[in-house]
Amino acid sequence: MSTSATDKLRTAAPAASAPPKGRLSRTRVRAAWLFLLPMLVVLLLVAGWPLLRTIWFSFTDASFSTLHEAHFIGLENYLSYDDGEWYGVLADPQWWGAVRNTLFFTLVSVSLELVLGMVFALVLNAQFPGRALVRAAVLIPWAIPTIVSAKMWSWMLHDQFGILNHLLISLGILDAPLAWTANSSLSLWAVVIVDVWKTTPFMALLILAALQMLPSDCYEAARVDGIHPVRVFFRVTLPLITPALLVAVTFRVLDALRVFDVIYVLTSNSADTMSMSVFARQQLVEFQEVGYGSAASTLLFLFIALLTLAWLYLGRKRLQGDL
Amino acid sequence: MRAFSWPRLLGRIGFAMLVLCIVLFCVFPFYYAVLTSLKSSGELFQVSYWIDHLNVSNYQTILGRPSFLRSLFNSVLVSTLVVAVSLLLGLTAAYALGRFDFKGRGSVLTLVLGVSMFPQVAVLSGLFEVIRGLGLYNNPLGLVFSYTLFTLPFTVWVLTTFMRQLPKELEEAAIVDGASPWLTLTRVLMPLLWPAMVTTGMLAFIAAWNEFLFALTFTLTDSQRTVPVAIALISGGSQYELPWGIIMAASVVVTIPLILLVLVFQRRIVSGLTAGAVKG
């Protein structure tokens, strides 16, 4: 099929100078699919097929060494009842702990990033000497690999020699050093701090881009009328940039829900901070429980897919409401 | 000239303090990493904010390790190849999606966007099987292959956005002259798309350079690893004494090229990020 398509393409090209209309568009459609084909094949190989296999593994007893001899066991990896006890991911307290950690992490870090990103963006949107330099400085955390930023912070958060404890004690805020990454009530906050540091710049840039597209006449009118800047911000700026904010927040939420590297480096496999991705990878790779881990991965995928669909649906509804 | 007033002055000072706080917040952790990397192991455990005397022994140690140099080489190789593959496939796909009208165009775009939302761990076991099937396990080429999962959708999306902004007349003129679609793409459109390609290429490079989960899972031996994994796995004599000076030196070595890239191409990166996110 693809050879006949290339033949058509070859013969169609010279004829294109005076073509019958229908034929030209038909060859163009064929050319379009030909141009898309390599990308589609690669996406199928790296995304479509592996996803289907993962879902299939989640219904089997596959382990890392016996991927090919996996047997179908139905829903046992998800939930099963045996001898008066519930088994499976959905009955696993550690999985629900991971779900709770992931949701807490997503909610707290994305909200903090939104607020801080807004402040950064408003500052960067103002005219002041050295603005270009400040903008360059803001890009630095974004450019640093997550793994490196996690390492940098785990050194800064070190319980005995960390600079953060040193600083807080010398300022009189703390009496004794805190074990940021080892204390079970603090470690998730440590993860949040690192993530907020790393991704606030991204949020700030997206908000800044939206701010710079705002029409200036609203602001001139507001200034002439002598309206307080805070009021202008809530009545004019915020409503106008809301669509851009929603996109930025969606991107960050989807990213935060699959968080892996910060947690893996900062607190390794501690149950206090384990996210859904960390849980799934631990089952898959460290415990070699491919079936069980795949069930967890599938649940995470379903969760994110449903959220995306809901968001698209609501977005479309909102758009139609505007019209 | 405006009259001097206390509230205005206080406002000015407050704003300057805010700017200073933002800069400190963003830059200090990296500054502290550089500072730590220049300390000897004895000085390490005394907190200080300035460097008293330079000590480059941590850099000598880390750059003297063949396995670290090898992982640097692997990272450069993998990231460069990922950029090349993503740009080639992304450009042809973006041409079809941006300049052609056909049934199914919307579905393909939705599919591409959908793939970019994938949690990486959801394809881990399936992708592991594919990579082993292709004989690419514990091979940097396997990483090139798997990284297209997140670089390709992004590249396609941004290039399609830019492709749609090009004037229609150019392409029509090429068709009237009898140029095939391939010639139109490579000779007419590509020269105009260089800025967009540099931007997306760089973002893909950064994403590939920073990737951790696949690199950790699909490689096994020191010589096949990329730098993020190499850094994550640096260990000391025991679990409780990590060689922080060496880890920070390695971190700085890995980060400096990225910071230079970002500072040089600052404006491009901002426009690329917003094209990929806001318009998407």
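## A buried threonine in chain A

A:Thr237 is buried, at a relative accessible area of 5%. Here, buried means under 20% relative accessible area, exposed means over 50%, and partly exposed is anything in between (1.4 Å probe, protein chains only). A:Thr237 sits in helix 9 of chain A, which covers residues 229-257. Helices (H or I, at least four residues) and strands (E, at least two) are DSSP runs, numbered from the N terminus. Skipping neighbours within four places in sequence, A:Thr237 is in contact with A:Leu211, A:Leu214, A:Tyr219 and A:Val232, where contact means heavy atoms within 4.5 Å.

Some ground rules help before going further. This is a predicted model, in which local features need pLDDT of at least 70, side-chain atom pairs count only at pLDDT 80 or more, and totals for chains, interfaces and linings use all residues. Residues are numbered from 1 along each chain as its sequence is written, chains are lettered from A and ligands numbered from 1 in the order in which they are written, and side-chain values use heavy atoms, leaving out hydrogens and water.

## The nonpolar core

The largest nonpolar core has 187 residues. Such a core is a set of buried Ala, Val, Leu, Ile, Met, Phe, Trp, Tyr and Cys residues joined through side-chain atoms within 4.5 Å. The residues with the most contacts inside this core are A:Met39, A:Trp142, B:Phe68, B:Met163, B:Phe212 and B:Phe214. Its largest share, 15 residues, comes from helix 7 of chain A (residues 187-212).

What does A:Met39 touch, not counting residues up to four places away in sequence? It reaches over to chain B, touching B:Leu89, B:Ala93, B:Val108, B:Val112, B:Leu152 and B:Val156.

## Helices that cross

Helix 3 of chain A (residues 93-125) packs against helix 1 of chain B (residues 6-37) at an angle of about 120°, and their axes are 11 Å apart. Axes are lines fitted to C-alpha atoms, for helices over the stretch in contact, and angles run from 0 to 180 degrees between N-to-C directions. These two helices are therefore oblique to each other: angles under 35 degrees count as roughly parallel, over 145 as roughly antiparallel, 65 to 115 as roughly perpendicular and the rest as oblique. The crossing is left-handed, meaning that the near helix is turned anticlockwise from the far one by less than a right angle, while clockwise would make it right-handed. On the chain A side, A:Val119, A:Phe120 and A:Val123 meet B:Phe15, B:Leu18, B:Val19, B:Ile22, B:Phe25 and B:Cys26 of helix 1 of chain B.

Chain B has a pair of its own: helix 3 (residues 66-99) and helix 8 (residues 181-210) pack at about 140°, with axes 8 Å apart. They are therefore oblique as well, and their crossing is right-handed.

## Cysteines without a bridge

How many disulfides does the structure hold over all chains? Zero, taking a disulfide as a pair of cysteine sulfur atoms within 2.5 Å. B:Cys21 is in no disulfide, and the nearest cysteine sulfur, that of B:Cys26, is 11 Å away. B:Cys26 is buried, with a relative accessible area of 0%.

## Helix 11 of chain A and its ends

Just ahead of helix 11, A:Thr273 lies in the loop that links helix 10 (261-267) to helix 11 of chain A. A:Thr273 is buried, at 0% relative accessible area. Leaving aside neighbours within four places in sequence, its contacts are A:Asn101, A:Ser187, A:Leu188, A:Val191, A:Ile263 and A:Thr267.

Why is helix 11 of chain A (residues 276-286) largely enclosed by the rest of the structure? Because ten of its eleven residues are buried; among them are A:Met276, A:Phe279, A:Arg281 and A:Leu284. After the helix comes A:Gln288, in the loop before helix 12 (290-322). A:Gln288 has a positive phi of about 60° although it is not a glycine, and it is partly exposed at 34%.

## Two loop residues in chain B

B:Asn138, in the loop between helix 5 (124-133) and helix 6 (140-164) of chain B, also has a positive phi near 60° without being a glycine. At 18% relative accessibility, B:Asn138 counts as buried.

B:Leu242 lies in the loop between helix 10 (227-232) and helix 11 (244-264) of chain B. At 27% relative accessibility, B:Leu242 is partly exposed.
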